[in-house]
Amino acid sequence: MRKEFKKLMVIGSGPIVIGQAAEFDFSGSQACKSLREEGYKTVLVNSNPATIQTDLDMADAVYIEPMTADIVAKIIEKEGVDGIMAGMGGQTALNICSELAENGTLDRLGVTLLGTQPEAIAKSEDRELFKETMEAIGEPVPLSRTCTSIEEALEAVEYIGRYPVLVRPAYTLGGTGGGIAYNEEELRDICGRGLAYSRIHQVLIEESVLGWKEYEYEVMRDHNDNCIIICNMENLDAMGIHTGESIVCAPCLTLSAEDHQRLKTASLKVIRALEIEGGCNVQFAFNPENGDYRLIEVNPRVSRSSALASKATGYPIARVSAKIAVGYNLDEIPNKVTGTTSAAFEPAIDYVVMKIPRWPFDKFRTVDRHLGTQMKSTGETMAIGRSFEEAILKGIRSLEIGVNHLDRMDASDEEIEDELIHATDRRMFAIAEALRRGWGVEKVSKLAQWDPFFTTKIDNIVKMEQRLANEKMTPELMKEAKDMGFADAVIAKFTGSDEMSVRKTRKDMGIIPTYKMVDTCAGEYEAQTPYFYSTYGRTTELKRDKSKKNVIIIGGGPIRIGQGIEFDYSCVHSVMALQDEGIDAVIINNNPETVSTDFDISDRLYFEPLTLEDVLNVIEAEDADGVVCQYGGQTSVNLALDLEKALEGTKTKILGTKPDDMDLAEDRRRFSKLMDDLNIEQPRSGTGYSFEEAKSIAEDIGYPVLVRPSYVLGGRAMEIVYSTDELKTYVETAVKVSRNHPILIDKYLSQAIELDVDLLCDGTDVFVGGIMEHVEYAGVHSGDATMVLPPFTLTESELAEVLEVSRKVALGLNIRGLMNLQLAVKNSKIYMIEANPRSSRTVPFISKATGIPLAKISTQIMLGKTLKEVGLGSGYKTLDHYAIKASVFPFLKLVGVDSILTPEMKSTGEVMGIDENFDIACYKALVAAGNKLPTEGGVYITVNDDDKENILPAAKSLYEMGFTIYATKGTSTFLRNNDIPATTVFKVNENMGIDGLSLMRQGKINLIINTPSLKSGAVRDGATMRRTAVELEIPSMTTVQGANIAVAAIKVARDQKLGVRGMKEFHR
Amino acid sequence: MATNYLVLEDGTVLEGVAFGYEKAVSGEVVFTTAMGGYQENITDPSNCGQILVSTYPLMGDYGITDSANQSDNVWIAGLVVKEYCDEPSPMYNGRKIDDFLKEHKIPGISGIDTREITLKTRDNGTMKGAIVYDKANIDAVIEDLKKMPEYPVENLVSKVSCKTAYSVDNGKDLTVGVIDCGLMNGIKKSLSERYNLKVFPYDTAAQTILDAGVDGVVVTNGPGNPAHPEIMDTVVKTVKELSSKTAIVGLGLGNQIVALALGGKTSKLKYGHRGTSQPVRCGTRIYITTQNHGYAIDEASLEGTGLVADQININDKSVEGTRHKDLPIITCQYVPGESSDTAFVYEDFTKMMEARK
C-alpha cells in the first residue's frame, strides 16, 4: 500500500570515485522516476553535475550542493521533506543518513527514513553487530574480532590462530585502507592505515578465506516479507580479490542446484534478519574442498552489484526498491519489461553475462597493479553471449584498452607464473598465454586459483586460435569461431587476412549475428522492452517499425580516467532530443553502470562492444538512417572515419560534423595548417621520430616543452620537461620513441591562463554555451583543473577575442553540433591548444550552470535544425552567478601516484559549487570535492622559488584569520621577511627539530600549500609529505592559484552562514 | 561428432550436434527456464516422455553426482541444449552429462538455438517433436508428428510409479501413505524428514492404504495428463474414496488428481510451467516456486467441490494450490520447501493429521 508523504528526498552519491561510479546515477535516476510516477513531490541532492539525476526535470527540486550532513539537513528543512530514500546513493548517502539519525536531525525535523533503516545499516556495516546478527540466525561468518588499536589486532590474530588475516576497516568505500596481512609487520602497517580511514576508527581482523570461491546473491524483500532472488553471480577470481576487481559471471555456473538452494536460503534469512525492505546484496565465500560457506558481506542498499544484476537480468532493482520503500509490495509493482507480469518473480536468464573491471593502470604507470581487497578499477564493462567464450571475448573488446582479444603476452615463464599467482589487470591474458605455452588447464587453474571449468573455456579459445591458424577456412569453422566470440579482426590476424575481408567472407557464408532479447524470463513471456545482445544464433528477435526513422548513438564504454559519466550524460540527452523529434533513438554501449544502458531510456538498447565490427553489425541490423559519433567521447570519434568508409553507398549517414572535418581537428598537421589559414596562434610544435630529433626540436622551440606520444590520446604519458636531461629521462622511462612511434613536442606556455570553450555550431551561427577559466595555469589537464564559469579574470577585450577565435574555428571546421576548444591566454594573446569536434567532459557542467541543454540542441542541429530555429542564433550565454567545477582524485586508493596536478589527467570525477558569490561557490566546490577546509588551526606552506612572491597574499590572509603558519626553511624565511610570522619546520631527512610529517600526524596541520619544483618525473620533492596528506585527508593545494581560491573560500565560510539553493532558483 | 536433427510438427528442422545415446525419439517438446538443476530435471519422473529444451544455454557445468538424482532413471525422451559441458567443474567430482545420458540410453542434441524453440513454443503452444539421426527420414517424421494425438495416449504414471509397495521407517510419530505417481527424491526427502513413509503403487486400492494404518495420504508429483482414463480409473478413484476418511496432501500432479477426485476438472496449459521461478500468491504472501507441469486445474470447475483455490499463479492466474472448506485436504502444484518459504504445506498437513489422532 502506498504511504503518504509531503515530499521525498533522494540522496545521490556525489562525485565519481573508485568504488562509487555511475551505478548510483543509474539507481538514483530510476528511483526519482519511480517516485514521481507515483505522484510524489521529490527533492534530489547531489554534488555531481555530470549526472542525469541532477537534470532539472528529474525532481521537483534539484540541489547541486556539497554532500554533507549539515547541508542535507538545511535542504530538508527548507523543502519541508518528510521522507528520505537513503539506499540509492551508495555509502555516501548511507553515511549522511546515519549521521542525521544519530545526531537527532531526523527526529527533530520529523523525517522518516525509507527503505534501509539505520539499524539495518548498523547491523550490516558495523562488523561486530553484523557478526552477532549472523550468529543469531545461525549463519556462519569468518572468525574475527573488532579492533580499535594495533595491539588489539595482534591479540585478534592469536585468537584466530594463523596468518594471513584480512584487515577490514569499518565504514569505508570500496574497502579503502583494507588489506591482507601475512605477518606481524604487514599487520601493523595495514592496521595503521585502516584505523585512520575508518569513520569510527575501527578495523576487523578476520579469518582468511583466501582461495575460496566467491558467490553473490541479489535479494529483494517487501513489507509483506516476500523475498525474491534477482540474480546470483560468480566471481572467476577467488576470495582475496575484491568483487569489484574480479571478473564476474552471471548466473553462477559451477554451483550445484543443492548448494544454490543453501545459499539462497541463507540469503533470505539474512535479508529478513536485517529487516531490509528493498534490495540487498549478500556475498558468500564458498570452500570448494568441502562445501562450507561463510557470509562475507551484506550491502543493505542498491550497489554496483545490483546495477550489474539489473542490467544482467532486465530487472530494475532500484525502481522496484523505491516503490517498496514507499509501501508497495512486489505483486503490486508491474514488470515493465513484459508489461503483463509483476515484479514478484525471480528473473530467469538464458545467456551468460560477463563483467570485467576497467583499471586505470594505463594512466598511472607508477601504481602497483596488483589486485587485492581494495578497489583500483574505475569502471567496468558487461558483455552478454550465449557461450562463456563469447561473453568473455566480447567483454575484453569492450574494455577500450587497445586489444580485441586475449592477446599474446610478451613475458618470460617466470613472469607469467608470477602473474598467475599474484594477479594484476593482466592475469586473464597471462592465463591464455600459459595455456598457449602448454602448461595445461590443471596447472594454470591451480596457480591462478580459478575453477578449471573457467580455465577450460579459455583453453577452448586458445585451441580455436590454433585451428584458425592451421585449418582451411570453412563455413563450419567460421561459425564455430563466431560462436566463441572471436572478432573478425582476430580471425583475420590468425588467418593472415584483414578485418574487412573476413567480414565479407563471413557475410558471404551467411554468418551474420542475430539479436536476442534480454527479457527477465528466458522467453517464457512476451517482452515489451527492446533490450538486445548479439549472438550467432538462428533467428533474430529484432522487429522494428520501418516507417519510423532511426538513429544510433554510439556510447562511451566503460568509465575510465579521461572518459567518465559526462559522456553518458550527453548520450542520454541525445536520445531525448531524437525522441522529441519522433525518431527512434538506439543506443549501443557496454557499461552496466550507466543511465544510457537503462532499458527504458532508448527505443532500442544494444549491449555490445564498441568496435567497428560490432557497431557496423548493429547499423546493418537496424538498417539505420543515421549514426551519431559525437557523444561517446573519444571512443565514438575514433570510429567516425572507419564507419564513414564502411557505410559508403548505404543509406546510413553519419550525423553532425563530417568525419573528415573531425579528422581535420584531430590530425595535428591538418589542424595546424587550418589555424595558420585562420590566423590563429598556436604554441610552436614539432614531431620527433628519435631522441636526437626531439632534442633539436625542443631546443629550437625553447624549454619548457610539453611532450607526449603521438599514438595515445587523453593526456596519457604527457609531461612538461624543462631541460634536455629531463627529455632524455622521459624517452628512456616513459615512452619509447621510434620511427613508428614519434613523440609530439609543443611549446609549454608557462603562467598562461587556460580556457575551455564549449560551443554549438550549425554552419552559419556559433553559440558559445560557456567559457570556463581554469584556476590553475595552463599545464594542468583540463579534466583535473578547477574551472570557473564564467571567466573570473579575463578582460573584456580578451573575452571578445576568445569569442571571435571560437567562432572562426567552429566555422572553419564546419562543425555541426558541439565542439570543445582549449585555449591559452598569455599576455593578452590567445593561443589554440586543441579542438575536440565532439561533446566534451564539460557539457553537463555548463548545461547545469546555464540551464541550456547543449547536448539536446546539438542533436537538433545534427538533424538539420538551425540555431536560430531553436531560439539561440549566434551569441554567448552570460551568467549572474558563478559555477565552479572541482575535481576529485583517486590518490587515497592508488598508492604510488603523486598528488600533484600535471598535464596527465588523474581525476575520476567532479563536483560543482554554484553561487552568486565567487568565494562561496569556490568553498562549496572545494568542500564537495572532499576537501575538509579548516576555519582555524595550522597551515603548512612550502612552495618553490618561483611561487614565493605569489603566495604572499594567501599567507597573509591566513595569518590574519589566526592560522598558525608552518613553513620549510626557505619559505619561512621569505614569509618572515615579508612580515608574516612562520614557524620553521624541517624535512624528515634533515633530522632537526620539528618535522612536517610529525606535525601532520599530530593533527596540527589542517591545510597544506605545497608547490613542487618545476621538474618532470614520477618522484618529485615533497612526495612523501603529499602522500601523508592524502592518507590523513589534509586538504592540499599544489598550485598557487588553487591556494588563493581556497584561502578566500575559507575566509568567506568563516564570515557568513552558507545557504542552500535549488537549481531552478538559478534559472528563473 | 555426429549430426542429428530436432524436428517439430510445424515443419521446423534444426541441425545440431548429437550427444548422449544415439536413438531416434519423439515426444512433447517442452522448455524449462531453470538455470541450474539439470540433473534433477532429467531424472524427475514428472518429465517422463518429454523432449526437454533447456533455455539456459550451458548444460552440465558442474557435472553429474548421484546425490542430485530425483529417481534411478533419466525419464526425459531427449535433451535439447545450446551447449553441453564436456569438462565440468571438478568441485563435486561429477561425471559428464554426455556419459550419463549414454548410460541411460537417452539422446541429446546440442548447438541448437534453444531460444528460437522457446519463443515458438510460447507463441504457438507446446508442439510435438522428434530427435532424428537420418536426414532422409525427416519428412516422414514430420508427417508422423502431425498425426500424433495431442494428448499422450500412454499412461505415463504407470511407467514411473513403483511396482510394489515399500516402507521407510524414519522413527517419526506420524506415518503417511504415499501414492507414488512418480515420486521425486526431493519430495521423498522432505517427507522423510517429517514422517514414516508407506509408499504404494499408483493403482493401489483405497482400502489397502487405509488398512496399512496411515495417519494421512500424500498424492505425489508425476508426469502427464491427470485426466488420462487409466488415471481416472485408479488414483483419482482411490483419492475420491480416501477424501472423506483421512487427511490428504496433493503435490504437483497430486494437486490435479485431488481436484479431479472431488469433481473438478483439469486442462492443458498452452506451454506449461517448467522452471524455478513461478510466482504464486497465497493471501498477502508470494512464493517463488519450482514447478514442472503441463496441466492445471480449471478454477471454475472447483465450484461445489468444497475445494477453494487459495494459491494462484501471479502471471497466468492458474490454480497453484487448494484447500478444502471442511475436510483435511491441502494441495499445491509446486515442490514445497524451505527455500521457497512453502514448508507450510507440510506443516499444515501435519496439523491436519495431528488433529485427527
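In the predicted model, A:Pro790 is placed in the loop of chain A that runs between strand 30 (787-789) and helix 27 (796-812), and the peptide bond leading to this proline from A:Leu789 is cis, with omega near -5 degrees. A cis peptide bond also joins A:Tyr163 to A:Pro164, with omega near -5 degrees; A:Pro164 belongs to the loop between helix 7 (150-160) and strand 7 (165-169) of chain A.

Positive phi values in residues other than glycine were examined in both chains. In chain A, A:Glu275 adopts a positive phi of about 50 degrees and is located in the loop that connects helix 9 (257-273) with strand 13 (278-286). With 14 other C-beta atoms within 10 Å, A:Glu275 is partly exposed. In chain B, phi of B:Asn93 is near 55 degrees, and the residue is found in the loop between strand 7 (83-84) and helix 2 (97-103). B:Asn93 counts as exposed, because it has 9 C-beta neighbours inside 10 Å and the limit for an exposed residue is 12 or fewer.

Chain B is assigned two domains, domain 1 (3-147) and domain 2 (156-356), whose C-alpha centres lie 28 Å apart. Their contact draws on 20 residues from domain 1 of chain B and 23 residues from domain 2 of chain B. On the side of domain 1 that touches domain 2, the elements giving two or more residues are strand 3 (25-32) and helix 3 (114-124) of chain B, with strand 3 providing the largest share, three residues. By class, this side of domain 1 of chain B comprises six nonpolar, twelve polar and two charged residues.

How values were computed
Residues are numbered from 1 along each chain as its sequence is written. Chains are lettered from A and ligands numbered from 1 in the order in which they are written. This is a predicted model: local features need pLDDT of at least 70, side-chain atom pairs count only at pLDDT 80 or more; totals for chains, interfaces and linings use all residues. Domain bounds come from an automatic or database domain assignment. Two residues are in contact if their C-beta atoms, placed from the backbone, lie within 7 Å. Helices (H or I, at least four residues) and strands (E, at least two) are DSSP runs, numbered from the N terminus. Ala, Val, Leu, Ile, Met, Phe, Trp, Tyr, Cys and Pro count as nonpolar, Asp, Glu, Lys and Arg as charged, and the others, Gly among them, as polar. A residue is buried if 20 or more other C-beta atoms lie within 10 Å of its own, exposed if 12 or fewer, and partly exposed in between; C-beta atoms are placed from the backbone.
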